[in-house]
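Q: Please take a close look at one part of this model, the packing of two helices, and then set it beside the nonpolar interior.

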Amino acid sequence: MTTADTSTTAAAAPPAGAGMTGRQVAALVVLLASQFMMAADFSVLNVALPEVGVSLGFSTGSLQWITTTFALCAAGCTLVFGRVGDHLGRRRIFTAGMAVLAVSSLVGGIADSAAMLLVARTLQGLATAAVTPAALALLTTAFTEPALRTRALGLNSVMMSSGFSVGAILGGVLTDVFSWRWAFFVNIPVAIAAIVVVPFVVDESRAAQRSRIDLPGALLITLGLFTGIYGVTRVGEEGLDLTAGAALIAAAVLLSVFWAVESRTADALVPVKFLRKPAIAFGNVAALFIFGGETALIFFTGLYVQNVLGLSPLVAGLVLLGIGVGQIIAGIVGPRLLQRVSPRTMLGVSLALQGAFMLPALWATSDSRWLIPLIVTQFVNAFFSMMAALCFMVIATSSVDADEQGMATGLATQSQQVGIAIGIPLVSAAFTTVVGRGTVTTAKELTGIHVAIGVAGVSQFAVGLLLWLVLRRKCSSPQ
C-alpha cells in the first residue's frame with residue numbers, strides 16, 4: 001500500500017459559510033456540463049429510433065439494442081471505473097473518458113451500418129462509466145463544506161436527471177430539423193472543451209491510501225450486471241424464455257459470489273461493511289426506482305404522443321419539456337429545503353410522490369387535449385423525482401470520507417445507470433403482456449401504456465412509503 005503524492009490531493013473547500021471561489025465556479029460549470037451531456041447521451045436517440053432504423057437497416061425488434069448496448073456498458077463498468085479513479089486519479093479518468101466520448105461520437109455520427117453504430121454506442125457507454133463517477137467524485141472532494149456540497153450536488157442532480165428528458169427533447173429537434181446524426185456530433189465540441197479546460201480549473205484528486213485493485217471483484221460485478229441487465233432486457237422484449245431465465249440465474253450466482261469474495265478480500269472493490277450501512281444500502285435501492293421509473297415514463301410518453309396521438313418526434317420531445325422544467329426547479333429549491341428537512345425523511349416522501357404523480361396518466365385518452373394535464377402532472381412528478389435524486393446523492397456521498405468518494409460515487413452512479421437500464425425493459429414486460437406481438441391497434445397500445453405506467457407508479461409509491469418508514473428510524477443523519 002502506497003501513499004499518494006500530496007501535490008495531487010483535492011483542493012480545500014472554503015471556510016464554512018463562504019461562497020464559491022471563481023475557480024470553484026469554473027470547475028462546477030465544466031463538471032456539470034459533462035454530467036448533463038452524459039445523461040442526455042442515453043436518451044437523445046430514443047425519439048429518433050425509427051429514423052435510425054430506416055437509415056441503417058435495423059429491424060424493429062433490434063432497435064432497442066441501440067439503447068441497451070449503451071446501458072450495458074454504462075451500468076456494468078461504472079463501479080470499476082470509479083474505483084480505478086480512486087487509484088489513478090479522478091481527473092485523469094475524467095479526461096480519458098471525455099476523449100473516448102469525442103471519438104465514439106464521431107464514429108456514431110458517420111456510421112453507415114448497424115454494426116458501426118453499435119460499436120459507437122458501446123464506446124459511449126464506456127465513456128459514461130468513466131466520466132460520471134469521476135466528475136461526481138471531483139465535485140464532492142472540491143466542495144467539502146456541507147452547504148456548498150449540497151448546492152453542488154443539487155445542481156449535479158439537475159444535470160443528471162434533466163439530461164434524460166432534455167436529451168429526448170434535443171433528439172426530437174435535431175431529428176426533425178437536421179438529422180439523427182447530429183445527436184452524436186453535438187457531443188464533440190463539448191468533449192473537446194472539457195478536455196482543454198479541466199486541467200486549469202480542477203485539481204487532481206485520488207485516495208490518500210492506494211491499495212491494489214480488486215480484479216476478481218471487478219470481474220464478478222461487471223459480468224453479474226451485464227448478464228442481469230441482458231436478462232431483464234430479454235424479458236421485456238421476448239418474455240421469460242429460456243435465454244432470459246438462464247441470464248437472470250447466472251446474474252444471481254455471479255452477484256452472490258461477488259458478495260462472498262468481497263467479504264473475504266482485504267482490498268475489496270466495495271467492502272461489505274460499506275454496503276451494510278443502512279443509508280448507503282437503502283439509498284442505492286431507491287436510485288433503482290427513481291431513475292428506472294423516470295426513464296420508463298419518458299419512453300412511454302414518447303410512444304403515447306407518436307403512436308397513439310400520431311404527432312411528430314419534435315412534438316414528442318417538446319411534451320417532455322415539463323419534466324425538464326420540474327427537475328430544474330427542484331434542483332434550485334431542493335438544497336435549501338434539505339437544510340431544514342433531513343434527506344432520509346425527504347427521500348421516501350419524494351419517491352412516493354414521484355410515483356403518485358405518474359398515475360394520472362392512467363386516464364389519458366387518444367384525444368390530444370389530454371396533453372395539457374399530462375404535461376402538468378409530469379411537471380409535478382419530475383419535481384419530486386429530482387428531490388428524491390438529490391436526497392439519494394447527499395446520503396450516498398456524505399456518509400463516507402474522502403478516500404472512499406470514488407467508491408461511493410461509483411456505487412451511486414452505478415445504481416442510477418442500472419435503474420435506467422432496467423426501467424424500460426421491466427415496465428415493457430407489462431406493456432408486452434397486454435399488447436402481445438404482431439399487429440397492435442391504437443386502442444390496445446393505449447391500454448398497454450396505461451398498464452406500464454401504472455406498474456411503474458404503484459411500485460415507486462410503495463417503495464417510497466417503505467423507505468420513509470425504514471430510513472427515518474434506522475439511518476443516522478448524513479449531514
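A: Helices are DSSP runs of H or I of at least four residues, and strands are runs of E of at least two, numbered from the N terminus. Axes are lines fitted to C-alpha atoms, for helices over the stretch in contact, and angles run from 0 to 180 degrees between N-to-C directions. The model is predicted: local features need pLDDT of at least 70, side-chain atom pairs count only at pLDDT 80 or more, and totals for chains, interfaces and linings use all residues. Residues are numbered from 1 along each chain as its sequence is written, and side-chain values use heavy atoms, without hydrogens and water.

Helix α3 (residues 65-88) packs against helix α4 (residues 90-109) at an angle of about 125°, their axes being 6 Å apart. α3 is therefore oblique to α4, since angles under 35 degrees count as roughly parallel, over 145 as roughly antiparallel, 65 to 115 as roughly perpendicular and the rest as oblique. In contact (heavy atoms within 4.5 Å) are F81, V84, G85, D86 and L88 of α3 with R90, R92 and I93 of α4.

As for the interior, the largest nonpolar core (buried Ala, Val, Leu, Ile, Met, Phe, Trp, Tyr and Cys residues joined through side-chain atoms within 4.5 Å) has 48 residues, and L31, F94, M98 and V202 have the most contacts inside it. Buried means under 20% relative accessible area, exposed over 50%, and partly exposed in between, with a 1.4 Å probe and protein chains only. Helix α5 (residues 114-142) supplies the largest share of this core, eight residues. Apart from it lies another core, of 29 residues, including V319 and A452.
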